[in-house]
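Me: I have a new structure open and don't know my way around yet. Can you walk me through it?

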Amino acid sequence: MVGNMAMGRKNLFLGSLGIGFWLFVFVDCTDKFPADRSIPLSNHGSSPSLNLHVSRSHVDIDNGIVKLTLTKPTGLMAGLAYKGVKNILERRNKETQRGYWDIMWSRPDQHKKSRFDTMQATKFRVIEQTEDQIEVSFSSTWRVSHGENLVPLNIDRRFIILRGVSGFYSYSIFEHEEGWPALNIDEARIAFKLDKDMFRYMAISDKRQRIMPTATDRKRGHELSYREAVLLSNSTSNPRLKGEVDDKYQYSSDNKDSHVHGWISNRPHIGFWVITPSDEFRAGGPVKPDLTSHAGPTSLAVFFSDHYAGANYGIRLRDGQPWKKVFGPVFVFVNSDSGNNHTTLWEDAKRKMSEETEKWPYHFPKSKDYPHANERGTIRGCLLVRDRYIERDLMPAKSAYVGLARPGDVGSWQDDYEGYQFWTKTDETGHFTIRGVRPDTYNLYAWVPGIIGDFKHKNDVIVRKGNEIHIGELIYDPPRNGPTLWEIGIPDRTASEFFIPDPAPGLMNKLYINNEKFRQYGLWDRYTDLYPNKDLIYTVGESDYRKDWFFAHVTRKINKKNYTSTTWQIQFDVRKVITTKSYTLRIALASANFAEIQVRVNNPPTRRPLFSTGRIGKDNAVARHGIHGRYYLYSVSVPGFQLQNGRNIIYLRQSRGLNPFVGVMYDYIRLEGPPDGDYY
């Protein structure tokens, strides 16, 4: 096991990853890493014993591999020692700014901006102390007498260290009691600030790894359209970074793709990894994007935020509503070896992530609010799709996302931040199994790649302790009125199949030259470069959406400060229009930000559009280098008499032009003809 390899005193150099990334010169850490006897993590009998030391101001938990130092009674992470390195957190920061849980919250009755809060605890307790496990609690209890400046929550923050395990676990229980003041919570997460001299190399996925700029590099750079985006103009840590753009949002990931990420130190060769073994306590479902790690060096465990969703999203407790939720546990894993190949540590971190995922739900957390495996349920079933305009027979919903979430409307899981969610993917035959479900009442939701819309099972699903539910065959009838006359894109809830331009010269992040180009900075202004005077025109049967459909319907830049609305055209031919019947235009959006899409047919100057979305969305996915945010689906009835034999034009006007980030990303557009009896 990599985490158990002895460390040598040899000078290390950065080895090639062999995946085509730009590699730069490291500034070596001055700390030396002493040789260390290997500790077999799988054999507790030969592992050092656990030690707990409690002083007036600190709590130390040590298992011989890692030692976690916590402030007492506030429960902040002041230090993390690992195999002879006294602290891999940023020791030059104040103890309150090295590692911490935090939230952004507000009281809606006060009409004030959300405040950043590290929720410092007032009480310390030892929950469990055995030869195999130490679990400690840092808690605070709210009282009306505390007034309006303290968040009205009971908070119980836990830390666990196990014998022979190279890392620690942390989870929290948030509780809002009945009758308490209304509360908004916009964000909840854990933040780790790592040693700036040690950690320079960041890894998010197999293809998203690189040497990162330092905080000093960013301070010396040029701020772009917003403070998170910086053009590196004078990098002292690595001259090759000069001229690149750095922005923390370029490293966001969907929940489903963000179960391990972190940093690697060159000397000594140590990896620091945030492992999220389950998404049950995260918000917004499997494809909700959020932050991971970014320059600092910083690593985050984000439970929920309004990023890629909008300012109205988050936990909204009203009318004295009671609420309780367990966030975590997440696992902080530290590994090392005596070599210099970063791929080795990354692969070991992925192995550990898989191992932790397989162990979920954990058996060791002691909170009564965290049910263990035998206290949870399982649900099995099969999802089929019925769309006879695609296939006369029922089709298996292959690779569909199927999930349990709080009861609500179709698709409401996107906006669910208060409850737990449990998701899986179907196999080739549409069968699915969801394990480890907390006892509660849920709705079953699903969506199918390649098929528009959302599925919701008509009956509630009641999960009880230890039960296994066989729900049988479920049939999804997606929105459909008639045969497809034409379509643009792929219904997969992203805009990734459309044309994504290269960034403007001088605004590049070299990590994304040939990989996930949508993460480049400033692509919104590339629309103006490509269409300086006239807007996009797409001709069905001639144009190719991969080359001719810009990935985001954004505004056009008029001058340095002003942007105007834009109108796209879809030109298409109809041979025999049935004027007495209606056609249907389906518009699926992958993202929207303060936008309004107006639909007109064959008559662009008309004052009133045939259809308008109204102002929608605040996900800001374009500015945050996303390829999707929140999903929307609209069905527009087009009277046949508005069409004509031969050439027709549908005008899609994004009518708001406030700034460069106003707009939408389309997922998929389809025009359906009137129903045809031959298909039924």
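Reply: One term before we start: contact means heavy atoms within 4.5 Å. Also, this is a predicted model.

Me: Okay, let's use that term. Leaving aside neighbours within four places in sequence, which residues is I462 in contact with?

Reply: I462 is in contact with D440, T441 and I469, once its neighbours within four places are set aside.

Me: Where is I462 found, in which strand?

Reply: I462 is in β32, a strand that covers residues 461–463.

Me: And how does I462 count by relative accessibility?

Reply: Partly exposed. The relative accessibility of I462 is 42%. That value falls between the 20% limit for buried and the 50% limit for exposed.

Me: What separation is there between the C-alpha atoms of I462 and H261?

Reply: They are separated by 35 Å. Along the chain, I462 and H261 are 201 residues apart.

Me: Let's zoom out. How many helices and strands are there in the protein?

Reply: The protein has 4 helices and 46 strands.

Me: Why does it count as compact as a globular protein of its length?

Reply: Its radius of gyration is 27 Å, and the globule rule gives 26 Å for 680 residues. Those two values are close, so the protein is as compact as a globular protein of that length.

Me: What does the C-alpha trace span along the principal axes?

Reply: About 85 × 60 × 50 Å.

Me: How many of the residues count as buried?

Reply: 60% of the 680 residues.

Me: And the surface? What area does the protein expose?

Reply: About 27,800 Å² is exposed, and carbon and sulfur atoms supply 47% of that.

Me: Back to contacts. Among those with a separation of 6 or more, what do residues 24 or more positions apart account for?

Reply: They account for 72% of those contacts in the protein.

Me: Now a helix. Which residues of α3 are buried?

Reply: Helix α3 runs over residues 523–530, and its buried residues are L523, W524, R526, Y527 and T528.

Me: What do they pack against?

Reply: The buried residues of α3 pack against β36 (553–554), β37 (556–557) and β39 (566–574).

Me: Switching to pockets. How much space lies in the largest pocket?

Reply: About 1,100 Å³. It is lined by 35 residues, and R189, R227, E228, K248 and H294 are the closest to its centre.

Me: Which element gives the most to that lining?

Reply: β11 does, with 4 residues. β5, β11, α1 and β22 each supply at least two.

Me: And how does the lining of the largest pocket split by class?

Reply: The lining has 15 charged, 12 nonpolar and 8 polar residues.

Me: What volume does the second largest pocket have?

Reply: About 770 Å³. Of its 25 lining residues, P277, S278, T357, W423 and T424 are the closest to the centre. The elements giving two or more residues to this lining are α2, β25, β28 and β29. By class, the lining has 9 nonpolar, 9 polar and 7 charged residues.

Me: Last topic, cavities. How many of 30 Å³ or more turn up?

Reply: The search of the whole structure finds 7. The largest cavity has a volume of about 120 Å³.

Me: Which residues lie nearest the centre of the largest cavity?

Reply: G284, K288, Q414, G629 and R630, out of 13 lining residues. That lining has 7 nonpolar, 3 polar and 3 charged residues.

Conventions: Residues numbered from 1 in each chain as written. Predicted model: local features only at pLDDT ≥ 70, side-chain atom pairs only at ≥ 80, totals over all residues. Heavy atoms only, no water. 1 Å grid on protein atoms, 1.4 Å probe; cavity = no way out; pocket = protein on both sides within 12 Å on 5 of 7 lines; lining within 4 Å. Points joined across faces, edges and corners; volume = space filled by probe spheres on them. Nonpolar A, V, L, I, M, F, W, Y, C, P; charged D, E, K, R; others polar. Rg over C-alpha atoms; globule rule 2.2 N^0.38 Å. Buried < 20%, exposed > 50% of the residue type's maximum accessible area, 1.4 Å probe, protein only. Areas by Shrake-Rupley, 256 points an atom, 1.4 Å probe, with all protein chains shown as cover.
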